[in-house]
Amino acid sequence: MTTRTLVSLALSALIGILALAACGAQATTPAAAPASAVGDAARGETVFTSAGCAGCHSVGSDQLVGPGLAGIVNGKGPYGDKLPNGELITDASLIEWIKVGGVGKIGQMPGNNTLTDQELADIVAYLKTLE
Ligand code: HEC
């Protein structure tokens, strides 16, 4: 085997590896995009307490620091079908609100940037069970 052959073999191997890596990267790109996690209401109830939401929100209609969250996704909250920031209540806008927080006529809600996408989806699933 000549040096030339070795070099060309090494190059082919390298190109093969690069091609594989490129394919691999392409294949994982969709998965890397924020997958919309499917929420679990029972887990959401636990997170609602552990993340401190319950310190400011009842799950009935009485106001603590923030409004009671009963019926919040059914238009029964203080802003009807909207959030304090004027956004229409959807899964996505709820998740954004919880992450970022905001101010409305009642007061200031601090954002929570420690929750995972799964925990956020779980909280939203739980909020939907509150009537
Ligand atoms: C330090 C207190 C505090 C904490 C902790 C808190 N919130 Fe809030 N939240 C508020 C206040 C105050 C408002 C009302 C803002 C306004 O309307 O003036 C609010 C508003 C909301 C709303 C909108 C209600 C509506 O009328 O549209 C939702 C939903 C909500 N909070 C969910 C949560 C969740 C879920 C958590 C836990 C991750 C949480 N909050 C943690 C104080 C808090």
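In this predicted model, the buried residues of helix α5 are Glu119, Leu120, Ala121, Asp122, Ile123, Val124, Tyr126 and Leu127. Helix α5 is thus a good place to begin a tour of the chain: eight of its 11 residues are buried, leaving the helix mostly covered. The partners of these buried residues are α2 and α4, against which they pack.

The pairing with α2 can be followed in some detail. Helix α2 spans residues 41–50 and helix α5 residues 117–127, and their axes come within 7 Å, crossing at roughly 100°. Because angles of 65 to 115 degrees count as roughly perpendicular, α2 is roughly perpendicular to α5. On the α2 side, the residues that take part are Ala41, Arg43, Gly44, Glu45, Val47 and Phe48, and they meet Glu119, Asp122, Ile123, Ala125 and Tyr126 of α5. Sorted by class, this contact comprises six nonpolar, one polar and four charged residues.

Stepping back to the whole chain, the secondary structure consists of five helices and two strands. Read from the N terminus, these elements follow the order α-α-α-α-β-β-α. The chain has 131 residues, of which 18% count as buried. Among contacts with a separation of 6 or more, 52% are made by residues 24 or more positions apart.

The ligand comes next. It is surrounded by 29 residues, and the closest of them are Cys53, Cys56, Gly66, Gly104 and Met109. Three elements give two or more residues to this shell, namely α3 (53–56), α4 (91–100) and β2 (108–110). By class, the shell around the ligand holds 19 nonpolar residues, nine polar residues and one charged residue.

The loop between α3 and α4 offers two residues for a further look. One of them is proline 67, which counts as buried because it has 22 C-beta neighbours inside 10 Å, where the cut-off for burial is 20 or more. Leaving out residues up to four places away in sequence, proline 67 touches Gly77, Pro78 and Ile106. Proline 67 and isoleucine 106 are 39 residues apart in sequence, yet their C-alpha atoms are 7.7 Å apart in space. Glutamine 63 is also found in the loop between α3 and α4. With 14 other C-beta atoms within 10 Å, glutamine 63 is partly exposed. From C-alpha to C-alpha, glutamine 63 and isoleucine 106 are 9.4 Å apart, while 43 residues separate them in sequence.

At the far end of the sequence, glutamate 131 lies in the segment after α5. Glutamate 131 is exposed, since 11 other C-beta atoms lie within 10 Å and residues with 12 or fewer count as exposed. Apart from its neighbours within four places in sequence, glutamate 131 is in contact with Ala70 and Gly71. The C-alpha atoms of glutamate 131 and asparagine 74 are separated by 7.8 Å, although the two residues are 57 residues apart along the chain.

A word on confidence rounds off the picture. The mean pLDDT of the chain is 85, with 73% of its residues reaching 70 or more. Over residues 27–33, however, pLDDT stays under 50, and the model has zero contacts beyond four places in sequence for this stretch. Where pLDDT is low, predicted coordinates should not be read in detail.

Methods. Residues numbered from 1 in each chain as written. Predicted model: local features only at pLDDT ≥ 70, side-chain atom pairs only at ≥ 80, totals over all residues. Near = placed C-beta within 6 Å. Helix = DSSP H or I, 4+ residues; strand = E, 2+ residues; numbered from the N terminus. Nonpolar A, V, L, I, M, F, W, Y, C, P; charged D, E, K, R; others polar. Contact = placed C-beta atoms within 7 Å. Axes fitted to C-alpha atoms, helices over the stretch in contact; angles between N-to-C directions. Parallel < 35°, antiparallel > 145°, perpendicular 65-115°, else oblique. pLDDT = per-residue confidence, 0-100.
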